[in-house]
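Biologist: I would like to go through this structure with you slowly, asking at each step what lies behind the words that are used for it.

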Amino acid sequence: QVQLVESGGGLVQAGGSVKLSCVVSGRTSSVAAMAWFRQAPGKEGELIASIDRNNGRTQYADSVKGRFAISKDNAKNTVYLQMNSLKSEDTAVYYCAADISLSRIGTPTYWGQGTQVTVSS
């Protein structure tokens, strides 16, 4: 089993920055791909960033490209999401997710509990 625990959410002003963390525990060898999703009220969930834990390859949704950055620290079993130039439309619950490969990250097996990010204008 794999457990994911997010932290770092909160209230931030528009134009500001926040960094989310996701610690992976358990059978970490089962996880080669990590991602961040978000879900805003009344909207569908959105895959916004993903990373391959082995080669560091990253992918981003157009909505966050150039503003957000996903990174990893395998020694700490942690994945980060640096969020810059935040907008009110970035307000959402952010979820960390994981699976065995990037090809499956769109429907990941493992999920964290989510952390709220609220951007005030």
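Biologist: Why is W111 called partly exposed?

Modeller: Before I answer, you should know that this is a predicted model, in which local features need pLDDT of at least 70 and side-chain atom pairs count only at pLDDT 80 or more, while totals for chains, interfaces and linings use all residues. Residues are numbered from 1 along each chain as its sequence is written, and side-chain values use heavy atoms, with hydrogens and water left out. As for W111, its relative accessible area is 42%, and because buried means under 20%, exposed means over 50% and partly exposed means in between (1.4 Å probe, protein chains only), W111 is partly exposed.

Biologist: What makes F37 and W111 a tilted pair?

Modeller: A search of the whole structure finds 2 aromatic pairs. In one of them, the rings of F37 and W111 have their centres 4.8 Å apart and their planes at 55°. Rings of Phe, Tyr and Trp (its six-membered ring) pair if their centres lie within 6.5 Å, and planes under 30 degrees apart count as stacked, over 60 as edge-to-face and the rest as tilted, so the pair of F37 and W111 is tilted. Because F37 lies in strand β4 (residues 33-39) and W111 in strand β10 (residues 110-111), the pair ties together parts that are 74 residues apart in sequence. Strands here are DSSP runs (E, at least two residues), numbered from the N terminus.

Biologist: Is F37 buried or exposed?

Modeller: F37 has a relative accessibility of 8%, so F37 counts as buried.

Biologist: What kind of aromatic pair do Y95 and W111 form?

Modeller: The pair of Y95 and W111 is edge-to-face, with 6.2 Å from centre to centre and 85° between the planes. Y95 lies in strand β9 (residues 92-99) and W111 in strand β10, so this pair ties together parts that are 16 residues apart in sequence. At 24% relative accessibility, Y95 counts as partly exposed. Ring pairs thus link F37, Y95 and W111 into a cluster.

Biologist: How do you know that K19 lies over the face of Y80?

Modeller: A charge sits over a ring if NZ of Lys or CZ of Arg is within 6 Å of the ring centre and within 35 degrees of the ring normal, and K19 lies over the face of Y80 at 4.5 Å from the ring centre.

Biologist: Why is T115 called buried?

Modeller: T115, which is found in strand β11 (residues 115-120), has a relative accessible area of 12%, and therefore T115 is buried. Not counting residues up to four places away in sequence, T115 touches E6, G8, G9, L20, A92, V93 and Y94, where contact means heavy atoms within 4.5 Å.

Biologist: How do you know that strand β3 and strand β8 pair?

Modeller: Two strands pair if DSSP finds at least two bridges between them, and 6 bridges join strand β3 (residues 18-26) to strand β8 (residues 78-83), which run antiparallel. Within this pairing, L20 stands opposite L81 in β8. β1 and β3 also pair in the antiparallel sense, over 6 bridges, and here V2 stands opposite G26 in β3.

Biologist: What makes β1 and β7 edge strands?

Modeller: 4 strands form an open sheet in the order β1-β3-β8-β7, with antiparallel pairing. The edge strands are β1 (2-7) and β7 (68-73), each of which pairs on one side only.
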